Structures are given as structure tokens and as C-alpha cells.
Amino acid sequence: FVIIVGLIACEKSSNQIDLSTTTDSVNIAVNSCIERLYSSNIRIKYCFDSLLQDYRCPYNAMCIWEGYAKARFTVSINNLQHTIELYTPNVQSNFKADTIISGIHIRLENVTPENGDPSSTYDDYKAILKVVGY
């Protein structure tokens with residue numbers, strides 16, 4: 001009985017991500033959610049609610065300004081829900097690319113596909129979030 005409990009405990013802990021030593025990368029499609037279990041039993045659910053603006057350099061264009069995209073996310077940490085709006089990283093520092101919620105640093109790294117990609121639709125958009133520990 002003790003061995004079985006030990007094996008179950010080991011299996012459960014191997015599914016957890018330790019944010020104090022690891023950076024997590026969350027790749028999430030628009031209108032969907034991903035849930036992760038981190039060490040210390042912190043459960044975070046990331047939802048990519050919508051792409052609010054996309055002023056990035058258009059597909060196949062040469063631009064002198066990279067532009068930006070703005071996205072809305074719902075982040076639930078142990079069932080406590082937060083709505084955040086983040087911009088893709090760019091040269092304008094007044095656009096917020098990251099936030100800290102309950103000691104967890106969340107940054108919008110990128111949005112794909114490129115703005116105006118003719119082979120994609122709104123449902124093809126994905127956001128890459130970088131999550132760093134507490």
C-alpha cells in the first residue's frame with residue numbers, strides 16, 4: 001500500500017512545473033484555454049479571449065515600424081479570475097507587454113500568424129505567453 005501511494009505521489013509531482021527554477025511557455029489558440037499545474041499546487045488556467053487590435057506590419061510588407069497586437073486574456077489562479085490586456089513587445093514602452101498576478105510574471109511574447117496572412121482566419125491566431133515564477 002505504501003509503495004502504491006509513493007508511486008502515485010511521484011507521478012503527480014512529475015506533472016508539476018516548478019516556476020522558481022523554470023520558465024513556462026504557453027502557446028494558446030484564440031477562444032480556447034490551457035490549464036497548468038505548477039509546484040506548490042498552484043493551478044493556472046490561461047484563456048486567450050480575443051485579439052483586440054492587430055497593427056503589426058502586414059504580411060509580406062517592408063515596414064519601418066514593427067507595430068503591435070493587443071490581446072485579452074482571462075487568467076485564473078487557483079480559481080481566482082483576472083482579465084488582462086497585453087500588447088506584443090515593441091519599441092513603445094507605454095504598451096504593456098507583461099503583468100504580475102499573485103507573484104507570477106506573465107508576458108505576451110508573440111501572436112501568430114502574421115497580420116493579414118491570406119492563408120489564415122481569425123480562428124488561426126495563437127498567443128505565446130512566457131510565465132516566470134514566484
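**Exercise 1. Surface and burial**

Task: State the accessible surface of the protein chain and the share that belongs to carbon and sulfur atoms.

Solution. The accessible surface of the protein chain comes to about 8000 Å². Of this, 52% belongs to carbon and sulfur atoms. Areas follow the Shrake-Rupley method with a 1.4 Å probe, and for residues only the protein chains shown count as cover. The model is predicted: local features need pLDDT of at least 70, side-chain atom pairs count only at pLDDT 80 or more, and totals for chains, interfaces and linings use all residues. Residues are numbered from 1 along each chain as its sequence is written, and side-chain values use heavy atoms, with hydrogens and water left out.

Next, burial. Buried residues make up 37% of the 134 residues in the protein chain. Buried means under 20% relative accessible area, exposed means over 50%, and partly exposed lies in between (1.4 Å probe, protein chains only).

Last, contacts (heavy atoms within 4.5 Å). Take those with a separation of 6 or more: 43% of them come from residues 24 or more positions apart.

**Exercise 2. Elements and sheet**

Task: List the elements of the protein chain from the N terminus on, then work out which strands stand at the edges of the open sheet.

Solution. The chain has one helix and eight strands. The elements run α-β-β-β-β-β-β-β-β. Both kinds are DSSP runs numbered from the N terminus: helices are H or I with at least four residues, strands are E with at least two.

Now the sheet. Four strands form an open sheet in the order S2-S3-S4-S5, with antiparallel pairing. Strands S2 (32-38) and S5 (80-87) stand at its edges. Each has a single partner strand, so one side of each is left without a neighbour in the sheet. Neighbouring strands of this sheet are turned by 25° against each other on average, direction ignored. Here axes are lines fitted to C-alpha atoms, for helices over the stretch in contact, and angles run from 0 to 180 degrees between N-to-C directions.

Look at one pair. S2 and S3 (residues 42-54) run antiparallel and are joined by seven bridges. Two strands pair if DSSP finds at least two bridges between them. Ser32 stands opposite Phe48 in S3.

**Exercise 3. Disulfides**

Task: Find the two disulfides and give their pattern along the chain.

Solution. A disulfide is a pair of cysteine sulfur atoms within 2.5 Å. The whole structure holds two.

- Cys33 and Cys47: the sulfur atoms are 2.0 Å apart. The torsion about the S-S bond is about 105°, so this disulfide is right-handed. Cys33 lies in strand S2 and Cys47 in strand S3, so the pair ties together parts that are 14 residues apart in sequence. Cys33 is partly exposed at 42%, while Cys47 is buried at 10%.
- Cys57 and Cys63: the sulfur atoms are 1.9 Å apart. This link is right-handed, with 80° about the S-S bond. Cys63 is partly exposed at 38%.

Counting bonded cysteines along the chain gives the pattern 1-2, 3-4.

**Exercise 4. Salt bridges**

Task: Identify the residues that shared salt-bridge partners join into one network.

Solution. A salt bridge is a side-chain nitrogen of Lys or Arg within 4 Å of a carboxyl oxygen of Asp or Glu. The structure holds six.

Start with Glu85. Its side chain meets Lys70 in a salt bridge (3.3 Å, N to O). Glu85 lies in strand S5 and Lys70 in strand S4, so the pair ties together parts that are 15 residues apart in sequence. Glu85 also forms a salt bridge with Arg72, the closest N and O atoms being 2.5 Å apart. Arg72 is in strand S4, 13 residues from Glu85. The network is therefore Lys70, Arg72 and Glu85. Compare burial: Lys70 is buried at 15%, Arg72 partly exposed at 29% and Glu85 partly exposed at 31%.

One more of the six joins Arg56 and Asp54 (2.7 Å, N to O). Arg56 is buried at 12% relative accessibility, and Asp54 is buried at 17%.

**Exercise 5. Backbone exceptions**

Task: Locate the cis peptide bond and the positive phi values of Asn60 and Asn79.

Solution. Most residues other than glycine have a negative phi, and most peptide bonds are trans.

- The cis peptide bond joins Thr112 and Pro113, with omega about -5°. Pro113 is in the loop between strands S7 (104-112) and S8 (126-132).
- Asn60 has a phi of about 60°. Asn60 sits in the loop between S3 and strand S4 (69-77) and is exposed at 68%.
- Asn79 has a phi of about 70°. Asn79 sits in the loop between S4 and S5 and is exposed at 78%.
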